[in-house]
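Reader: I would like to go through this model label by label. Please justify each term you use.

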Amino acid sequence: MEQFARNEYDSYILIDFNKCSKEIRELFNDVEDLDYIFMILQQHYRKTLKVRRSVIIFDEVQKCPMARQAIMYLVADGRYDYLETGSLISIKKNTEGITIPSEEDRIEMYPMDNDEFRWALGDETTPDMLRKFWEMKRPLGPAHRNTQ
């Protein structure tokens with residue numbers, strides 16, 4: 001998410017709810033004054049948010065259910081984009097007592113396999129080569145350590 005934010009936006013703030021302060025978590029208990037929330041986030045993270053050109057990432061959002069609930073108001077405000085991540089985001093105890101925003105689009109994501117990883121690096125030859133070595137039941141030899 002952070003790499004995506006770096007590539008696609010002028011600026012971003014990453015709030016990791018696993019390690020952020022209690023004060024940052026409590027900002028989302030009352031979303032009546034969004035100007036205040038954005039001002040505190042910019043000051044705390046030392047980042048300038050630019051209208052329609054910045055994104056705020058809520059990482060491990062299940063640790064702060066009120067931030068997840070606040071998404072509906074943040075999206076309606078329209079100044080910034082938002083990304084939420086969470087490994088246990090749908091567990092019932094992480095959603096008790098909050099309104100799940102209809103603005104959420106759920107995307108199931110999984111770790112890349114080796115072929116996908118190599119393709120992401122721009123390497124289109126290694127996956128086919130590895131498959132051929134596997135089919136021939138031959139050791140890779142010196143090719144095994146080539147990480148280029």
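**Cores, cysteines and charged pairs**

Author: This is a predicted model. Its largest nonpolar core has 23 residues. Those with the most contacts inside this core are Ile15, Phe17, Phe28, Leu41, Ile56, Phe58 and Leu74.

Reader: Which elements give two or more residues to this core?

Author: Strand 1 (11–16), helix 3, strand 2 (54–59) and helix 4 do.

Reader: What is Phe28 in contact with, leaving aside its neighbours within four places in sequence?

Author: Its partners are Ile15, Phe17, Ile37, Leu41, Phe58, Cys64, Met66, Ala67, Ala70 and Leu74.

Reader: What lies apart from the largest core?

Author: Another core, of six residues. Ala5, Tyr9, Tyr12 and Val55 are among them.

Reader: Now the cysteines. Why is Cys20 in no disulfide?

Author: A disulfide needs two cysteine sulfur atoms within 2.5 Å. The nearest cysteine sulfur to that of Cys20 belongs to Cys64, 6.6 Å away. Therefore the pair does not qualify. Cys64 is likewise in no disulfide, its nearest cysteine sulfur being that of Cys20. A search of the whole structure finds zero disulfides.

Reader: Are Cys20 and Cys64 buried or exposed?

Author: Buried means under 20% relative accessible area. Cys20 has 10%, so it counts as buried. Cys64 has 5%, so Cys64 is buried too.

Reader: On to charges. How many salt bridges does a search of the whole structure find?

Author: Nine. One of them joins the side chains of Lys22 and Glu26.

Reader: What makes the Lys22 and Glu26 pair a salt bridge?

Author: The cut-off is 4 Å, from a side-chain nitrogen of Lys or Arg to a carboxyl oxygen of Asp or Glu. Here the N to O distance is 3.8 Å, so the pair qualifies. The two residues are separated by about one helical turn, because they are four residues apart in helix 2 (residues 22–26).

Reader: Why is Lys22 called exposed, and Glu26 partly exposed?

Author: Exposed means over 50%. Lys22 has a relative accessible area of 55%, so it is exposed. Glu26 has 40%, which lies between 20% and 50%, so Glu26 is partly exposed.

Reader: How do you know that Arg79 forms a salt bridge with Asp35?

Author: Their closest N and O atoms are 2.7 Å apart, within 4 Å, so the label holds. This pair links distant parts of the chain, 44 residues apart. Arg79 is in the loop between helix 4 (65–77) and strand 3 (81–84), and Asp35 is in helix 3 (residues 34–45).

Reader: What joins Asp35, Asp77 and Arg79 into one network?

Author: The side chains of Asp77 and Arg79 also meet in a salt bridge, at 2.7 Å, N to O. Salt bridges that share partners join Asp35, Asp77 and Arg79. Asp77 is partly exposed, with a relative accessible area of 29%.

Reader: Why is Arg118 called buried?

Author: Its relative accessible area is 9%, under 20%, so the term applies. Arg118 is found in helix 5 (residues 114–120).

Reader: What does the side chain of Arg118 make a polar contact with?

Author: The side chain of Asp123, at 2.9 Å. The limit for a polar contact is 3.5 Å, so this distance falls within it.

Reader: Last, Tyr73. What makes Tyr73 partly exposed?

Author: Its relative accessible area is 43%, between 20% and 50%, so it is partly exposed. Tyr73 is found in helix 4. Leaving aside its neighbours within four places in sequence, Tyr73 is in contact with Val31 and Leu34.

Terms used
Residues numbered from 1 in each chain as written. Predicted model: local features only at pLDDT ≥ 70, side-chain atom pairs only at ≥ 80, totals over all residues. Heavy atoms only, no water. Buried < 20%, exposed > 50% of the residue type's maximum accessible area, 1.4 Å probe, protein only. Polar contact = N/O pair within 3.5 Å; in protein donor to acceptor, adjacent residues only side chain to side chain. Contact = heavy atoms within 4.5 Å. Core = buried A, V, L, I, M, F, W, Y, C linked by side-chain atoms within 4.5 Å.
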